[in-house]
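Here is a quick tour for anyone meeting this structure for the first time. Take a look, and then we'll walk through a few of its parts.

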Amino acid sequence: MSSSTLIFLKGSEYEECGLETLLYSNAHVLGRGTFGTTFKAQLPGKAFVAVKRLKGVCLPEIDFAAKVKELAKMAAGHENLLPLKAYCCHMNERLLLHDFLSSLASALHGSAIKIPLSWEARSNIAYGIARGISYLHSQPSNICHGNIRSSNIFISYYNDRHSVQISEYCMAQLATLDSKTAIAQGYRAPEVTNLNSVSHKSDVYAFGVVLLELLTGKAPLVNDKGTDLPKWVRSIFQEKPIIEVFDSALHEYKESWVGEQMVRLLQIAVCCTFEYQCNRPSMAAVTNRIRETCNFKP
Ligand SMILES: Nc1ncnc2c1ncn2[C@@H]1O[C@H](COP(=O)(O)OP(=O)(O)OP(=O)(O)O)[C@@H](O)[C@H]1O
(Lines give C-alpha, C1' and ligand atoms only; values in the text may rest on other atoms or scores of the structure.)
Protein backbone atom coordinates (compact mmCIF):
# COMPACT_ATOMS: atom_id res chain seq x y z
CA MET A 1 0.00 0.00 0.00
CA SER A 2 1.33 3.47 -0.85
CA SER A 3 1.74 6.24 1.69
CA SER A 4 -1.53 7.79 0.57
CA THR A 5 -3.80 9.59 2.99
CA LEU A 6 -7.46 9.41 3.66
CA ILE A 7 -9.42 12.58 3.07
CA PHE A 8 -12.11 12.93 5.73
CA LEU A 9 -15.26 14.68 4.61
CA LYS A 10 -16.82 17.65 6.35
CA GLY A 11 -19.10 16.46 9.14
CA SER A 12 -17.16 13.24 9.75
CA GLU A 13 -16.65 12.75 13.48
CA TYR A 14 -13.48 10.70 13.01
CA GLU A 15 -9.89 11.68 13.80
CA GLU A 16 -7.65 11.93 10.75
CA CYS A 17 -5.49 8.87 10.23
CA GLY A 18 -3.12 7.51 7.61
CA LEU A 19 -3.98 4.61 5.41
CA GLU A 20 -1.20 2.37 6.71
CA THR A 21 -2.42 2.82 10.28
CA LEU A 22 -5.90 1.90 9.17
CA LEU A 23 -5.30 -1.04 6.88
CA TYR A 24 -2.13 -2.55 8.34
CA SER A 25 -3.06 -2.38 12.01
CA ASN A 26 -6.09 -4.59 12.31
CA ALA A 27 -8.04 -4.73 9.07
CA HIS A 28 -9.60 -7.92 7.77
CA VAL A 29 -11.49 -8.73 4.61
CA LEU A 30 -15.28 -8.72 4.91
CA GLY A 31 -15.92 -9.75 1.35
CA ARG A 32 -15.10 -9.30 -2.29
CA GLY A 33 -17.92 -7.67 -4.20
CA THR A 34 -18.71 -6.35 -7.62
CA PHE A 35 -16.74 -3.14 -7.27
CA GLY A 36 -13.85 -4.28 -5.10
CA THR A 37 -12.88 -5.67 -1.71
CA THR A 38 -14.35 -4.45 1.56
CA PHE A 39 -12.32 -4.50 4.82
CA LYS A 40 -13.34 -4.02 8.41
CA ALA A 41 -10.86 -1.78 10.23
CA GLN A 42 -10.57 0.13 13.48
CA LEU A 43 -9.71 3.82 13.67
CA PRO A 44 -7.37 5.16 16.38
CA GLY A 45 -10.43 6.45 18.28
CA LYS A 46 -11.61 2.78 18.32
CA ALA A 47 -14.59 3.18 15.97
CA PHE A 48 -15.02 0.37 13.46
CA VAL A 49 -15.27 1.31 9.81
CA ALA A 50 -15.75 -0.45 6.48
CA VAL A 51 -13.18 0.40 3.82
CA LYS A 52 -13.95 -0.45 0.22
CA ARG A 53 -10.95 -0.72 -2.07
CA LEU A 54 -12.39 -0.15 -5.54
CA LYS A 55 -11.26 -2.03 -8.59
CA GLY A 56 -11.67 -1.05 -12.20
CA VAL A 57 -11.56 2.71 -11.62
CA CYS A 58 -10.36 4.56 -14.68
CA LEU A 59 -11.23 8.06 -13.47
CA PRO A 60 -8.14 10.23 -12.87
CA GLU A 61 -7.60 11.42 -9.27
CA ILE A 62 -9.13 14.84 -9.74
CA ASP A 63 -12.28 13.56 -11.49
CA PHE A 64 -12.68 10.74 -8.97
CA ALA A 65 -12.43 13.18 -6.05
CA ALA A 66 -14.98 15.50 -7.66
CA LYS A 67 -17.42 12.65 -8.33
CA VAL A 68 -17.03 11.25 -4.80
CA LYS A 69 -17.73 14.65 -3.27
CA GLU A 70 -20.78 15.08 -5.49
CA LEU A 71 -22.17 11.68 -4.44
CA ALA A 72 -21.33 12.33 -0.76
CA LYS A 73 -23.18 15.64 -0.91
CA MET A 74 -26.19 13.99 -2.49
CA ALA A 75 -26.17 11.20 0.15
CA ALA A 76 -25.96 13.75 2.96
CA GLY A 77 -29.34 15.02 1.78
CA HIS A 78 -31.20 11.88 2.85
CA GLU A 79 -31.27 9.89 6.08
CA ASN A 80 -31.70 6.58 4.24
CA LEU A 81 -28.42 6.80 2.32
CA LEU A 82 -25.23 5.67 4.10
CA PRO A 83 -22.99 8.73 4.50
CA LEU A 84 -19.48 8.58 3.09
CA LYS A 85 -16.97 9.48 5.83
CA ALA A 86 -13.69 9.55 3.94
CA TYR A 87 -12.07 8.62 0.65
CA CYS A 88 -8.64 8.17 -0.82
CA CYS A 89 -7.42 8.59 -4.37
CA HIS A 90 -3.73 8.35 -4.87
CA MET A 91 -1.94 6.72 -7.80
CA ASN A 92 -4.00 3.58 -8.48
CA GLU A 93 -5.56 3.44 -5.04
CA ARG A 94 -9.27 4.32 -4.79
CA LEU A 95 -10.91 3.81 -1.38
CA LEU A 96 -14.21 4.71 0.24
CA LEU A 97 -14.76 4.64 4.02
CA HIS A 98 -18.11 4.24 5.79
CA ASP A 99 -19.28 3.41 9.32
CA PHE A 100 -19.28 -0.29 10.06
CA LEU A 101 -22.90 -1.45 10.50
CA SER A 102 -25.03 -4.63 10.39
CA SER A 103 -26.28 -5.53 6.96
CA LEU A 104 -29.87 -6.54 6.30
CA ALA A 105 -28.49 -9.68 4.64
CA SER A 106 -26.77 -10.77 7.85
CA ALA A 107 -29.82 -9.88 9.96
CA LEU A 108 -32.08 -12.00 7.75
CA HIS A 109 -29.84 -14.79 6.53
CA GLY A 110 -26.64 -14.69 8.61
CA SER A 111 -25.77 -17.81 10.55
CA ALA A 112 -23.83 -16.02 13.29
CA ILE A 113 -25.79 -12.86 14.01
CA LYS A 114 -29.31 -13.49 12.80
CA ILE A 115 -31.34 -10.71 14.42
CA PRO A 116 -35.05 -11.41 15.04
CA LEU A 117 -36.99 -8.78 13.12
CA SER A 118 -40.58 -8.01 14.15
CA TRP A 119 -43.21 -6.88 11.65
CA GLU A 120 -42.78 -3.30 12.86
CA ALA A 121 -39.04 -3.51 12.14
CA ARG A 122 -39.51 -5.12 8.71
CA SER A 123 -42.14 -2.65 7.55
CA ASN A 124 -40.02 0.29 8.79
CA ILE A 125 -37.00 -1.08 6.96
CA ALA A 126 -39.01 -1.57 3.74
CA TYR A 127 -40.27 2.01 3.96
CA GLY A 128 -36.78 3.41 4.65
CA ILE A 129 -35.29 1.59 1.67
CA ALA A 130 -38.13 2.76 -0.59
CA ARG A 131 -37.65 6.37 0.57
CA GLY A 132 -33.89 6.23 -0.05
CA ILE A 133 -34.30 4.87 -3.58
CA SER A 134 -37.10 7.36 -4.37
CA TYR A 135 -34.79 10.17 -3.28
CA LEU A 136 -32.06 8.89 -5.63
CA HIS A 137 -34.56 8.64 -8.48
CA SER A 138 -35.72 12.20 -7.85
CA GLN A 139 -32.23 13.63 -8.46
CA PRO A 140 -31.91 15.77 -11.58
CA SER A 141 -29.40 13.60 -13.43
CA ASN A 142 -31.67 10.54 -13.81
CA ILE A 143 -29.53 8.60 -11.31
CA CYS A 144 -30.05 4.87 -10.68
CA HIS A 145 -28.71 2.90 -7.76
CA GLY A 146 -27.79 -0.04 -9.97
CA ASN A 147 -26.96 -2.62 -7.26
CA ILE A 148 -29.73 -2.83 -4.67
CA ARG A 149 -29.37 -5.97 -2.58
CA SER A 150 -29.66 -6.84 1.10
CA SER A 151 -25.86 -6.87 1.62
CA ASN A 152 -25.84 -3.19 0.56
CA ILE A 153 -28.53 -2.19 3.06
CA PHE A 154 -27.52 -1.46 6.66
CA ILE A 155 -29.64 -1.35 9.78
CA SER A 156 -29.06 0.07 13.22
CA TYR A 157 -31.28 0.27 16.26
CA TYR A 158 -31.56 3.25 18.55
CA ASN A 159 -34.30 5.10 20.40
CA ASP A 160 -36.48 2.00 20.07
CA ARG A 161 -36.53 2.08 16.30
CA HIS A 162 -34.66 0.64 13.36
CA SER A 163 -32.97 3.00 10.99
CA VAL A 164 -31.95 1.88 7.54
CA GLN A 165 -29.28 3.15 5.17
CA ILE A 166 -28.47 2.12 1.62
CA SER A 167 -24.88 1.99 0.39
CA GLU A 168 -23.16 1.51 -2.98
CA TYR A 169 -25.38 4.07 -4.68
CA CYS A 170 -24.31 5.02 -8.20
CA MET A 171 -21.09 2.99 -8.08
CA ALA A 172 -21.17 2.66 -11.85
CA GLN A 173 -20.31 6.38 -11.95
CA LEU A 174 -17.04 5.66 -10.11
CA ALA A 175 -15.94 2.30 -11.40
CA THR A 176 -16.12 0.99 -14.91
CA LEU A 177 -16.73 -2.70 -15.21
CA ASP A 178 -16.06 -4.73 -18.27
CA SER A 179 -18.03 -7.76 -17.02
CA LYS A 180 -21.26 -8.52 -18.83
CA THR A 181 -23.24 -7.63 -15.81
CA ALA A 182 -22.24 -7.21 -12.24
CA ILE A 183 -25.64 -7.34 -10.58
CA ALA A 184 -26.29 -10.54 -8.64
CA GLN A 185 -28.58 -12.93 -10.48
CA GLY A 186 -31.44 -12.88 -7.96
CA TYR A 187 -31.77 -9.08 -8.02
CA ARG A 188 -31.30 -8.57 -11.74
CA ALA A 189 -34.38 -7.55 -13.72
CA PRO A 190 -34.92 -9.69 -16.84
CA GLU A 191 -34.15 -6.79 -19.22
CA VAL A 192 -30.75 -6.03 -17.64
CA THR A 193 -27.95 -7.41 -19.77
CA ASN A 194 -25.15 -5.04 -18.80
CA LEU A 195 -24.52 -2.09 -16.51
CA ASN A 196 -25.71 0.32 -19.19
CA SER A 197 -29.15 -1.23 -19.17
CA VAL A 198 -29.88 -0.51 -15.49
CA SER A 199 -32.75 1.92 -15.06
CA HIS A 200 -35.18 3.23 -12.46
CA LYS A 201 -37.36 0.23 -13.28
CA SER A 202 -34.53 -2.26 -12.74
CA ASP A 203 -33.97 -0.63 -9.31
CA VAL A 204 -37.70 -1.17 -8.65
CA TYR A 205 -37.27 -4.86 -9.53
CA ALA A 206 -34.29 -5.23 -7.15
CA PHE A 207 -36.24 -3.42 -4.42
CA GLY A 208 -39.11 -5.89 -4.96
CA VAL A 209 -36.70 -8.78 -4.37
CA VAL A 210 -35.42 -7.17 -1.14
CA LEU A 211 -39.06 -6.72 -0.04
CA LEU A 212 -39.66 -10.42 -0.75
CA GLU A 213 -36.61 -11.23 1.42
CA LEU A 214 -38.12 -9.20 4.27
CA LEU A 215 -41.48 -10.96 3.89
CA THR A 216 -40.34 -14.52 3.27
CA GLY A 217 -37.06 -14.53 5.24
CA LYS A 218 -35.54 -16.44 2.29
CA ALA A 219 -32.28 -15.52 0.59
CA PRO A 220 -32.47 -14.73 -3.13
CA LEU A 221 -30.31 -16.35 -5.81
CA VAL A 222 -26.67 -15.26 -5.52
CA ASN A 223 -23.89 -17.31 -7.11
CA ASP A 224 -26.35 -20.13 -7.83
CA LYS A 225 -27.33 -20.45 -4.15
CA GLY A 226 -30.67 -19.34 -2.70
CA THR A 227 -34.18 -19.09 -4.15
CA ASP A 228 -35.53 -17.36 -7.25
CA LEU A 229 -37.89 -15.38 -5.02
CA PRO A 230 -40.28 -13.83 -7.60
CA LYS A 231 -40.77 -17.25 -9.21
CA TRP A 232 -41.11 -19.08 -5.89
CA VAL A 233 -43.71 -16.65 -4.53
CA ARG A 234 -45.81 -16.94 -7.70
CA SER A 235 -45.67 -20.73 -7.52
CA ILE A 236 -46.89 -20.71 -3.90
CA PHE A 237 -49.88 -18.55 -4.88
CA GLN A 238 -51.06 -21.29 -7.19
CA GLU A 239 -50.50 -24.22 -4.85
CA LYS A 240 -50.76 -23.26 -1.20
CA PRO A 241 -52.46 -20.85 1.24
CA ILE A 242 -50.87 -17.39 1.06
CA ILE A 243 -49.60 -17.58 4.64
CA GLU A 244 -47.04 -20.17 3.49
CA VAL A 245 -45.19 -17.40 1.63
CA PHE A 246 -44.32 -15.52 4.81
CA ASP A 247 -41.37 -16.06 7.12
CA SER A 248 -42.53 -18.39 9.92
CA ALA A 249 -41.48 -15.66 12.38
CA LEU A 250 -44.38 -13.59 10.97
CA HIS A 251 -47.07 -16.29 11.23
CA GLU A 252 -48.09 -15.11 14.70
CA TYR A 253 -49.48 -11.91 13.12
CA LYS A 254 -51.74 -13.63 10.60
CA GLU A 255 -55.03 -13.16 12.48
CA SER A 256 -54.39 -9.52 13.41
CA TRP A 257 -54.57 -6.28 11.42
CA VAL A 258 -50.88 -6.81 10.65
CA GLY A 259 -51.82 -9.81 8.49
CA GLU A 260 -53.56 -7.41 6.08
CA GLN A 261 -50.45 -5.16 5.88
CA MET A 262 -48.30 -8.22 5.18
CA VAL A 263 -50.51 -9.25 2.26
CA ARG A 264 -50.55 -5.70 0.85
CA LEU A 265 -46.76 -5.44 1.01
CA LEU A 266 -46.55 -8.81 -0.70
CA GLN A 267 -48.77 -7.47 -3.51
CA ILE A 268 -46.44 -4.46 -3.84
CA ALA A 269 -43.39 -6.76 -4.05
CA VAL A 270 -45.09 -8.86 -6.73
CA CYS A 271 -45.85 -5.72 -8.81
CA CYS A 272 -42.24 -4.51 -8.42
CA THR A 273 -40.96 -7.82 -9.79
CA PHE A 274 -43.21 -7.96 -12.86
CA GLU A 275 -41.31 -9.31 -15.83
CA TYR A 276 -42.03 -6.33 -18.10
CA GLN A 277 -40.60 -3.08 -16.80
CA CYS A 278 -43.51 -1.01 -18.14
CA ASN A 279 -45.81 -2.87 -15.72
CA ARG A 280 -43.70 -2.07 -12.64
CA PRO A 281 -44.66 0.97 -10.55
CA SER A 282 -42.30 3.90 -9.99
CA MET A 283 -40.36 4.02 -6.71
CA ALA A 284 -42.34 7.13 -5.71
CA ALA A 285 -45.62 5.19 -6.14
CA VAL A 286 -44.20 2.23 -4.19
CA THR A 287 -43.12 4.51 -1.34
CA ASN A 288 -46.59 6.07 -1.16
CA ARG A 289 -48.27 2.67 -1.14
CA ILE A 290 -46.08 1.42 1.70
CA ARG A 291 -46.66 4.62 3.65
CA GLU A 292 -50.44 4.43 3.25
CA THR A 293 -50.59 0.71 4.01
CA CYS A 294 -48.52 0.95 7.19
CA ASN A 295 -49.73 4.42 8.27
CA PHE A 296 -46.23 5.91 8.31
CA LYS A 297 -45.59 9.63 8.48
CA PRO A 298 -44.37 11.15 5.18
N1 LIG B 1 -20.37 -0.33 5.89
C2 LIG B 1 -20.35 -1.64 6.06
N3 LIG B 1 -20.50 -2.17 7.31
C4 LIG B 1 -20.50 -3.52 7.51
N5 LIG B 1 -20.37 -4.43 6.52
C6 LIG B 1 -20.20 -3.95 5.27
C7 LIG B 1 -20.16 -2.56 4.97
N8 LIG B 1 -20.01 -2.39 3.62
C9 LIG B 1 -19.94 -3.62 3.10
N10 LIG B 1 -20.05 -4.58 4.09
C11 LIG B 1 -20.09 -6.02 3.93
O12 LIG B 1 -18.89 -6.44 3.31
C13 LIG B 1 -19.17 -7.54 2.44
C14 LIG B 1 -18.61 -7.20 1.06
O15 LIG B 1 -19.32 -6.07 0.60
P16 LIG B 1 -19.23 -5.57 -0.90
O17 LIG B 1 -20.14 -4.40 -1.01
O18 LIG B 1 -17.81 -5.40 -1.24
O19 LIG B 1 -19.79 -6.81 -1.72
P20 LIG B 1 -21.23 -7.42 -1.77
O21 LIG B 1 -22.22 -6.55 -1.04
O22 LIG B 1 -21.13 -8.83 -1.31
O23 LIG B 1 -21.52 -7.42 -3.31
P24 LIG B 1 -21.73 -6.12 -4.24
O25 LIG B 1 -20.40 -5.58 -4.55
O26 LIG B 1 -22.44 -6.62 -5.43
O27 LIG B 1 -22.52 -5.14 -3.46
C28 LIG B 1 -20.69 -7.74 2.43
O29 LIG B 1 -21.02 -8.77 3.33
C30 LIG B 1 -21.21 -6.40 2.96
O31 LIG B 1 -22.48 -6.53 3.63
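A word on domains before we start: their bounds come from an automatic or database domain assignment. With that in mind, the protein is divided into domain 1 (14–99) and domain 2 (117–294). Keep in mind, too, that this is a predicted model.

How do the two domains sit together? Their centres, taken over C-alpha atoms, are separated by 26 Å. Across the boundary, 18 residues of domain 1 are in contact with 21 residues of domain 2. On the domain 1 side, helix H2 (residues 61–76) gives the most, with 5 residues. That side of domain 1 divides into 11 nonpolar, 5 polar and 2 charged residues.

Now for some strands. Strand S4 (residues 48–54) has a partner in strand S3 (residues 36–42) and another in strand S6 (residues 93–99). Here is how the pairings look:

| Strand paired with S4 | Bridges | Direction | Source |
|---|---|---|---|
| S3 (residues 36–42) | 7 bridges | antiparallel | DSSP |
| S6 (residues 93–99) | 5 bridges | antiparallel | DSSP |

S3 and S4 make a hairpin with 5 residues between them, and Lys46 in that turn has a positive phi of about 90°. Along the S3 pairing, Lys40 stands opposite Ala50 of S4. Over on the other pairing, Arg53 has Leu95 in S6 as its bridge partner.

S4 is largely enclosed by the rest of the structure, because 5 of its 7 residues are buried. One residue to pick out in S4 is Lys52. Is Lys52 buried or exposed? Lys52 has 23 other C-beta atoms within 10 Å, so it is buried; the cut-off for that is 20 or more. Setting aside its neighbours within four places in sequence, Lys52 is in contact with Gly36, Thr38, Leu95 and Leu96. In the UniProt record, an unreviewed entry, Lys52 is covered by the annotation "binding site".

Finally, let's turn to a helix. In H6 (residues 229–239), Leu229, Pro230 and Val233 are buried. Seen down the helix axis, the buried residues of H6 fall within an arc of 105°, so they line one face of the helix. What do they pack against? The buried residues of H6 pack against helix H5 (200–216) and helix H7 (257–272). The face of H6 turned away from the buried side carries the exposed residues Lys231, Ser235, Gln238 and Glu239.

Definitions and conventions:
Residues are numbered from 1 along each chain as its sequence is written. This is a predicted model: local features need pLDDT of at least 70, side-chain atom pairs count only at pLDDT 80 or more; totals for chains, interfaces and linings use all residues. UniProt positions are given in the numbering used here, feature names are shortened, and annotations may be inferred rather than shown by experiment. Helices (H or I, at least four residues) and strands (E, at least two) are DSSP runs, numbered from the N terminus. A residue is buried if 20 or more other C-beta atoms lie within 10 Å of its own, exposed if 12 or fewer, and partly exposed in between; C-beta atoms are placed from the backbone. Two residues are in contact if their C-beta atoms, placed from the backbone, lie within 7 Å. Two strands pair if DSSP finds at least two bridges between them. Ala, Val, Leu, Ile, Met, Phe, Trp, Tyr, Cys and Pro count as nonpolar, Asp, Glu, Lys and Arg as charged, and the others, Gly among them, as polar. The arc is that of the directions from the helix axis to the C-beta atoms.
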